[in-house]
Amino acid sequence: MTRRDLLKTTGAGGIVLVGTTAGCLESSDGGDGGAEDGGSGGGNESTGGGAEGTDSSGGGGSGQDSYSIGMVNALTGSLAPYGERNQRGTELALAAINEVGVGSNDGEFSVIEEDSESVNQAGVNGARKLVTQDEVPLLIGAVGSGVSIAIFDSVVSGTDVVQISQNSTSPELTNKPDLLRTSPSGSAKGKALASLVAEEHDTVAVTWINNDYGTGLSEVFAGSFEGDVAYNTPHDQDQSSYRGILSEMAGTDATAWVFITYANEYTIMVNEAYDQGFNEEVDYYGAESTVADSIIENTEPGSMDGMTGITESAPVDQESYQQFQSAFEDQFDASPTVWSAYAYDAVTIAAIATEAASEFTGAALQEVVRDVTRPEGEQVYTFEEAKQILADGGSASDVNYEGVSGPVDLDENGDPPGYYQIYRVADHSYEYGDFITG
């Protein structure tokens, strides 16, 4: 992978933002383990969306001029800080893919993007539009686990459309093996978080966001914690205050508080707990969704110093990740997180599957999308390397894409392995420490 591959502009194919984009943040990513921007356009008219305007009878080996896939991303709402990361990872992936081109005609690869607004129904609406109007055979989405599951159940299940979530970590996705993902299941993370808290505390209070993400991770944590879970209660998304929840947690004898929530909700909790001095009485713990620049920017210095948690992480010593990081920093003047890398890998896997499939249809992509990530094939780190193997007569099973986020290796449940890292808040900034594999 050359920096030229990654830094090439996306003029030959790129992200087409469809629908509401107001509210996208301009903050940069921060840290190795921690949650970016695209252009605007008009759907099929700009991209040849899906099969419209193209010859869909041939796949990677055909002379098709353009290939469009869909993405449901969180551009507004609670998960917007994480959706921004995806846009930047997607942009870099498209640059590398379109430097080479897809198929025998070196066709354009593009992504039509819809906003989930960080809620299930908007995500389903966006996915339905992508599948029924834009006719995309492959859909990347979503950030929130609940949104990904809702899309699968309402739009994808029972069709030939391939769905790959770029960021969803809930263990609940494992129960839907046709819902693929590039970010690992939160099961290992939940167990590691429970072990981390138990090193210092016998009693814990847990509050979790009332959706599939919060339910799945909190169940793993509570089932793994070797001590007393004195409080284990959900909270709703998008509330203006959480003082009631905080007061109930303070009413227990827990010396540790675990927050399984999103950036906006956690920001409110931190500020309200700081106002009442709770941060001086207990230790805070969290997972990946309590890591975001917007949290640091919108909370008081010292309000969560000492907080510790477990987050997904990239293999920072891997050469392909280092090249991705360098290109990202040059392009965006910011450091990437693993979430950008997950989006990069989801788009790259989609392009490799398109190259390997007999035709650009959901059914044909279903047959190859797992194979191009499996360890039986030859290791490749770029779309260009994968295309060369396929052009030389290789099949999907001859390719083993090793992502910039680490080995993808989609198993029978659609899950990849994962890297995790311990983080800590000190002097009102995130610091990263030991790595954990799971």
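This is a guided tour of one protein structure, with a suggestion at each stop of what to select next.

**The whole chain**

Start with everything displayed, and keep in mind that the model is predicted. The protein has 14 helices and 16 strands, and of its 438 residues, 60% count as buried. With the surface switched on, you are looking at about 15100 Å² of exposed area, 40% of which is supplied by carbon and sulfur atoms.

**The seven-stranded sheet**

Next, select the strands of the open sheet whose order is β8-β7-β9-β10-β11-β15-β16, in which the pairing is mixed. At its edges stand β8 and β16, each of which pairs on one side only, and going from one strand to the next the twist averages 20°. Within this sheet, pick out β10 (residues 283–286) and β11 (residues 308–312), which run parallel and are joined by two bridges; here Y285 stands opposite T308 of β11.

Then move to β15 (residues 419–426) and β16 (residues 429–437), an antiparallel pair joined by seven bridges, where Y423 can be found opposite Y432 of β16. These two strands form a hairpin with two residues between them, and D427, in the turn, has a positive phi of about 50°.

**Helix α8 on the sheet**

Now add helix α8, which packs on the sheet and touches β7, β8 and β9, its direction making about 175° with that of β8. Select residues 243–250, the extent of α8, and colour I245, L246 and M249, which are buried. Viewed down the axis of α8, the buried residues fall within an arc of 95°, so they line one face of the helix. What do the buried residues of α8 pack against? They pack against β7 (203–209), β8 (228–235), β9 and α9.

Stay in α8 and centre the view on I245, whose relative accessible area of 13% is below the 20% cut-off, so this residue counts as buried. Setting aside neighbours within four places in sequence, I245 is in contact with T207, Y231, T233, P234 and H235. A distance label between the C-alpha atoms of I245 and T207 should read 7.8 Å, although the two residues are 38 apart along the chain.

**T261 and its surroundings**

H235, among the contacts of I245, leads to the next stop, since the side chain of H235 makes a polar contact with the side chain of T261 at 2.8 Å. T261 itself is found in the loop between β9 (256–260) and α9 (263–275). Is T261 buried or exposed? Its relative accessibility is 1%, so T261 counts as buried. To display its surroundings, select I209, Y213, H235, Y266, S289 and T290, the residues in contact with T261 once neighbours within four places in sequence are left aside.

**The three-stranded sheet**

For the last stop, select the open sheet of three strands with the order β12-β13-β14, where the pairing is again mixed. Because β12 (378–380) and β14 (406–407) stand at the edges with a single partner strand each, one side of each is left without a neighbour in the sheet. The pairing of β12 with β13 (residues 399–403) is parallel and extends over three bridges, and E378 stands opposite V399 of β13. Finally, add helix α14 (residues 383–391), which lies across β12 and β13 and runs at about 145° to β12.

Key:
Residues are numbered from 1 along each chain as its sequence is written. This is a predicted model: local features need pLDDT of at least 70, side-chain atom pairs count only at pLDDT 80 or more; totals for chains, interfaces and linings use all residues. Side-chain values use heavy atoms; hydrogens and water are left out. Helices (H or I, at least four residues) and strands (E, at least two) are DSSP runs, numbered from the N terminus. Buried means under 20% relative accessible area, exposed over 50%, partly exposed in between (1.4 Å probe, protein chains only). A polar contact is a pair of N or O atoms within 3.5 Å; within protein, one must be able to donate a hydrogen and the other to accept it, and residues adjacent in sequence count only if both atoms are side-chain atoms. Contact means heavy atoms within 4.5 Å. Two strands pair if DSSP finds at least two bridges between them. Axes are lines fitted to C-alpha atoms, for helices over the stretch in contact, and angles run from 0 to 180 degrees between N-to-C directions. The arc is that of the directions from the helix axis to the C-beta atoms. Accessible areas come from the Shrake-Rupley method with a 1.4 Å probe; for residues, only the protein chains shown count as cover.
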